[in-house]
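Hi,

Here is the model I said I would pass on. Have a look at it first, and then read my notes below.

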There are 2 protein chains.
Amino acid sequence: MKSSPLNVAELKNINRHIILEKLRLCPLSRAELSVKTGLAKSSVTTLTNQMIDEGLLFEVGLAEKSNKAGRTRMLLGINGDFGYVIGINLHRTKISISATNIVGKILFEEIKPTSEFKNTSAAFDYIKGQISHQIKNAGLDRKKLLGIGVSAPGPLDCEKGIILTPPNFKLFNNFKIADELKAVFDCPVFLENEAVTLALYEHYCVEEQTNNTLFVTVSNGIGGALIKNGEVYRGSHGISGELGHITVDPNGEKCACGNRGCLEQYATLDALKRRFGFVGYEEMINGAIAGEEKPLLAMEFLIKTLGAALVCAVNLFDLDKIIISGEFDYKADWLTARLLEYIKSHSVICSMHSVEVLPSGQRGFTAHLAATLPALNGFFKKSLNFDFK
Amino acid sequence: MKSSPLNVAELKNINRHIILEKLRLCPLSRAELSVKTGLAKSSVTTLTNQMIDEGLLFEVGLAEKSNKAGRTRMLLGINGDFGYVIGINLHRTKISISATNIVGKILFEEIKPTSEFKNTSAAFDYIKGQISHQIKNAGLDRKKLLGIGVSAPGPLDCEKGIILTPPNFKLFNNFKIADELKAVFDCPVFLENEAVTLALYEHYCVEEQTNNTLFVTVSNGIGGALIKNGEVYRGSHGISGELGHITVDPNGEKCACGNRGCLEQYATLDALKRRFGFVGYEEMINGAIAGEEKPLLAMEFLIKTLGAALVCAVNLFDLDKIIISGEFDYKADWLTARLLEYIKSHSVICSMHSVEVLPSGQRGFTAHLAATLPALNGFFKKSLNFDFK
DNA sequence: TATAAATAGTTTTAAGCGTGAACTAATTAC
DNA sequence: GTAATTAGTTCACGCTTAAAACTATTTATA
C-alpha cells in the first residue's frame, strides 16, 4: 500500500549501485563507467571517490597503454576485503557452511553429514557455532559480514525466511531460519531453494546476457528456477517453478501431490533405476552413447518425459535458455542435444525463435558455495527495489 | 548494455507518477497522498500544484466533513480532459476502434467486419481514416492523443510492434503496425495480444491487489496472460503464456505445433462441439447445471482437460488467481467452482496456499475497449522503466 | 461565543543531488 | 617540442526532497 518514493539520498544510492553492478564483472576506468552507466564524468568521479574512501572500491592500477593518445585509464575495482557473505546449504544428507568475500574469493568451507544431528536445535547450534568459530579462525571482522544466504529443499517461504515442511527433511521443519540467524548475526538473511542459488551462479559467473533462463535441477525431486534479466522470478509466495509436478502421463501413478503421472515419477535417477534396472547414471549414459539398446531405451524414456515437461515450460515462459543441472549433469551434451531436438519439434515457441539447452557444466562449483549467492545478490541489488505502488 | 541512471529530473518524474498511480483509483487529498506515497507534505504540495497547472490534476472539491477536528480535505483527481488514448482491436472477424480519456470515459467506438477489406492497405487505410475522422468528429485535440493500443491475435512481436503470422488472420501478416501508426499519429503505440489487454482491464478496473494472476481467454485458441503485481510478464520475445499448447494427452492427436494432445484440441468450444455434438455453450452449461447426463459428461471433460493445464500453470507460476474469460464466461460460476476443486486436489501449490478461480465477469466491457488499456498503462507507467544493468 | 486542539495545506529554508563547462593531467602522433 | 586526444577534477548552477514554521479551517469544549 505505502510506496517508497525517491528522495535525493536514494537517488544517489541507486546510482552507486549502478556503478557497482558494472564493476562486478571487471575493473573499469571512471571514463568507461561514465559511458556505460550514462552518468556524467563528474558524477562518476564524485561517487567513485566516495566509494574508495569507504573502502568499497580501490584503484586497481593504470590500464595497459593502448597506443591511443590521451591519459592512461586508472582502473577501479571492487575491494574484496570490503566485506564477505556466508552461505549455508541445507541438504537432506549434509549441511555445509561457506563464506566468500564480495568478489567471490572463498574464505572458508565446511561440510557435515546431517546424520550427526539428532534434532533441530543441535543442528542449528552447530551452524551458529561454526559460523562464529570460522569467522574468528579466518581473522574476519564480524562487522563486515554483509549477509547470509541459505539454500534449503522446498517448500520455503522465501519472503519470510521460513523453511516449511520439506518431505524427507525433518531436521528443519517449519523453522524460521532467517529470523533465528538475524537475531544472532544481525545481518540480512536470504533464503532460497537450491535451484535458485544455482541459477544465480549461472547469472553471476557464467552468463553474459541471459534473457529468460530456466534452471532445472534433478535430484530427489525436480526443481526449476526462472531467471529473467537477472531477476529471480517469484510466484505469489516465492515458490514457483514446481517443474517436478508437471503431468507427464494423466493416467499414470498417483503422486503425493494429489495428481497423477507427475514428472518426478519418471525423470529422476531413482525412477529410471526402478524402471530400467540400472545401478548408476554413468552406466546408463555411457551405454546410450555407445548405442546399446537397453540404455538407449532408458534415455529415450527420460528425453520423452523430461522433454514434455520442458516443452510445457518453454510454451508458458517463452524461454530462450534451459540449463540442466543435478543428476544428469554428466556427459550431459548427449542428453541436452536430444532434449533440444525434442523441444524444437514439440514447442510452438520454437517456430518463432531459437531455444538453447545447456548442461550447467559447473561441477567444479559446488552447490554449497552457491548458497552464498543470494546474500551477494542482496548486497549488490540492495535498495534498488523501490516500489511504484 | 547502457544503463539509465537517475538524475534529479527523472527522480521528480518518478515521484509524480507515484502520485498519479495513487489517484488513478479515487481522488485523494494532499495529506492523504503524503501518507500513501511516503512523500513529505511539502513535496506533495509542490508536485500536485505543478500538475494542476499543467492540467493533469484538478481540485475535485472539498471532501465531506468527517466530524473530526481540522481543516477539510481538498480532494485532488485526475483530469480526464488532459488527454485520451485510442484502442484498436484487430479480431479475426472484426476490427474495432475506440477511444477513452485518461480516466476511462468512452469518447467513441466503432466496429466493422473484416470481410469488408480485401487487403492490408484497405484495412489500414480504414483505420487511419476512421481515427482521424472520429477525433475531428468528437472535437478532440490531436495533441492530446497520448497513445494508441493495439490488440491482435498472436503471435506478435510486442516490443517491435509487429504482427507476425497469425493463423486464420491473413489481413495483417507481418505488419509493422506500431511503426505505421507512429508515422501517422506521432504518439506511442502499444501492441499486445487480447489476453494481455483483458488482463490489464482486470488489473486496472476490477482488482485491488492482485499478486500473481493468470488471465485465460478461450476462443479459437487458448491464450494466457500473466500479470504479476500489475506488470505483464513477458517471456524472452514477448510471447509467453501459450497455454493452449500444454500437453493434455501425450498420446492424443497431432497438433499443428508439432506436439500431440494440446489443450486447444480439447478445451475450446469447437472441440467440445465436435466431441459431444452440442450446438451452443448455453445448452451445454444449462444442461450440466440441471444435472443432465450428457452435458455433465462434456463439462467433466472440459474440467479435466482445462483443469490439468491450469494445474500445470499454477505449479509453474505459483499463481494465486486465475480468471476465465471468453467462450466459457457464461454462467461461469458453475465452471470456475469445479475448476477450483480440480486444481485444489491436483496441485502441489494448493497444499501451501489458496488459489482462486474467477469468471472475468466483464461481459459489459468489450474486448475492443480493452485495447485502449496498453496505451493507458503506458501513459501511467511512462518513464518508470529505468534500467539497472 | 471564545478558545484550544487537531488536521490540511503553504512557505521558507536548507542540504544534497547530477550536470556541464572549464579546468588540470597524462599520453601519443607528428 | 607542439598539437591533438583522452582521463579525470573542480566548481557554480539548477534542480530535487524534506523539515520546520507558518497559515487556514474545522471540531470539541467550556
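When I write polar contact, I mean a pair of N or O atoms within 3.5 Å; within protein, one must be able to donate a hydrogen and the other to accept it, and residues adjacent in sequence count only if both atoms are side-chain atoms. A contact of this kind joins K12(B) to DNA strand D, with a polar side-chain atom 2.6 Å from a phosphate oxygen.

Some housekeeping before the rest. This is a predicted model, so local features need pLDDT of at least 70 and side-chain atom pairs count only at pLDDT 80 or more, while totals for chains, interfaces and linings use all residues. Residues are numbered from 1 along each chain as its sequence is written, chains are lettered from A and ligands numbered from 1 in the order in which they are written, and side-chain values use heavy atoms, with hydrogens and water left out.

DNA strand D

Staying with this strand, N15(B) also has a side-chain N or O atom 3.2 Å from a phosphate oxygen of DNA strand D. From chain A, a polar backbone atom of R30(A) sits 3.1 Å from a phosphate oxygen of the strand. Two or more residues of the surface near DNA strand D come from each of α2 (30–37) and α3 of chain A, and α1 (8–23) and α3 of chain B. Helices here are DSSP runs (H or I, at least four residues), as are strands (E, at least two), numbered from the N terminus.

Near means that one of a residue's heavy atoms lies within 4 Å of the molecule or strand. There are 32 residues around DNA strand D, and T45(A), R71(A), M74(A), K12(B) and T72(B) come nearest. Of the atoms of DNA strand D within 4 Å of the protein, 70% belong to sugar and phosphate. By type, the residues of that surface are eleven nonpolar, 13 polar and eight charged. For that split, Ala, Val, Leu, Ile, Met, Phe, Trp, Tyr, Cys and Pro count as nonpolar, Asp, Glu, Lys and Arg as charged, and the others, Gly among them, as polar.

DNA strand C

Around DNA strand C there are 31 residues, and K12(A), S42(A), T72(A), T45(B) and M74(B) are the closest. Sugar or phosphate supplies 70% of the atoms of DNA strand C within 4 Å of the protein, and bases supply the rest. The side chain of S43(A) puts an N or O atom 2.9 Å from a phosphate oxygen of DNA strand C, and the side chain of T45(B) has one at 2.9 Å from a phosphate oxygen too. A69(B) uses a backbone N or O atom instead, 3.3 Å from a sugar or linking oxygen. The elements that each give at least two residues to this surface are α1 (8–23) and α3 (41–53) of chain A, with α2 (30–37) and α3 (41–53) of chain B. Its residues divide into ten nonpolar, 13 polar and eight charged.

Chain A

The domain bounds come from an automatic or database domain assignment. They give domain 1 (8–78), domain 2 (82–194 + 367–380) and domain 3 (208–359) in chain A. The C-alpha centres of domains 2 and 3 of chain A are 28 Å apart.

Strand β14 (residues 321–326) of chain A has five of its six residues buried, where buried means under 20% relative accessible area, exposed over 50% and partly exposed in between (1.4 Å probe, protein chains only). Two strands pair if DSSP finds at least two bridges between them. β14(A) pairs in the parallel sense with β11 (residues 212–218) over six bridges and with β15 (residues 356–359) over four. I323(A) in β14(A) stands opposite F215(A), and its bridge partner in β15(A) is L358(A).

Chain B

Helix α12 (residues 373–381) of chain B is largely enclosed by the rest of the structure, because nine of its nine residues are buried. One of them is P374(B), which E192(B) contacts (heavy atoms within 4.5 Å). E192(B) lies in strand β10 (residues 189–193) and is buried at 8% relative accessible area.

Helix α9 (residues 293–317) of chain B holds T305(B), buried at 5% relative accessibility. Its side chain reaches the backbone oxygen of L302(B) at 3.1 Å. A313(B) is in α9 of chain B as well, at 0% relative accessibility, and among the residues it touches is L316(A).

Cheers

Note on methods: Lists of a residue's contacts leave out its neighbours within four places in sequence.
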